[in-house]
Amino acid sequence: PDERALREHLRSGRFQSGATTGHWRLISATWPTALVAVTAAQRANSPGEFALRFELSGYPHTAPTGGLWDLDTGASLAADRRPKGERAAQLFRTDGWLGGATAMYAPWDRMGLQAHPDWAQKYPRDAWNPARDLSFILSNVHEVLNAHDYLGI
């Protein structure tokens, strides 16, 4: 049922709309992982998109967890190649917090919610719940990577 829910979400109008408008693109979905590239604002010497690798066990009842991914090496994206800027640095922390390079520091990420159980009540607008889908996370990441404070790498 977890994989079926993901496949339905990937076919949904919301996910397809984000792909059609160029906000993100599905690279692959091999249960229980998915790779999605999210478009970033143009900045000097920076990529036009960043790949995210999601682990989706328990989806959608359990929040996904995901982090920046290097498609060339098949590993977490190195710190020196990560997005910079106030919100991007907070979301994609490199300071060794619980989850490290494999999770986003956000109330929609499984690792973030496990590290901060109060986030679901404290940030209900941003917290994961079973009514959400992957597009919810991708929309938030797209917003950060296209915000005025995003500096590129």
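This report describes aromatic ring contacts, and charges placed over rings, in a predicted model.

## Aromatic pairs

A search of the whole structure finds five aromatic pairs. One of them joins Tyr-105 and Trp-119, whose ring centres are 5.0 Å apart and whose planes meet at 80°, so the pair is edge-to-face; the cut-off for that class is an angle over 60 degrees. Tyr-105 belongs to the loop between helix H3 (86-91) and helix H4 (110-115), whereas Trp-119 belongs to helix H5 (residues 119-122), so the contact ties together parts that are 14 residues apart in sequence.

Trp-119 also pairs with Tyr-123, again edge-to-face, with 6.3 Å from centre to centre and 75° between the planes. Taken together, Tyr-105, Trp-119 and Tyr-123 make up one aromatic cluster.

## Exposure of the cluster

The members of this cluster can also be described by their accessibility. Tyr-105 has a relative accessible area of 18% and is therefore buried, as the limit for that class is under 20%. Trp-119, at 8% relative accessibility, likewise counts as buried, while Tyr-123 is partly exposed, with a relative accessible area of 36%.

## Charges over rings

Tyr-105, which is part of the aromatic cluster, also has a charged neighbour, since Arg-93 lies over the face of its ring at 4.2 Å from the ring centre. A further arrangement of this kind involves Trp-69, where the charged end of Arg-53 sits over the ring, 4.9 Å from its centre.

Note on methods
Residues numbered from 1 in each chain as written. Predicted model: local features only at pLDDT ≥ 70, side-chain atom pairs only at ≥ 80, totals over all residues. Heavy atoms only, no water. Phe/Tyr/Trp six-rings, centres within 6.5 Å; stacked < 30°, edge-to-face > 60°. Helix = DSSP H or I, 4+ residues; strand = E, 2+ residues; numbered from the N terminus. Buried < 20%, exposed > 50% of the residue type's maximum accessible area, 1.4 Å probe, protein only. Lys NZ or Arg CZ within 6 Å of the ring centre and 35° of its normal.
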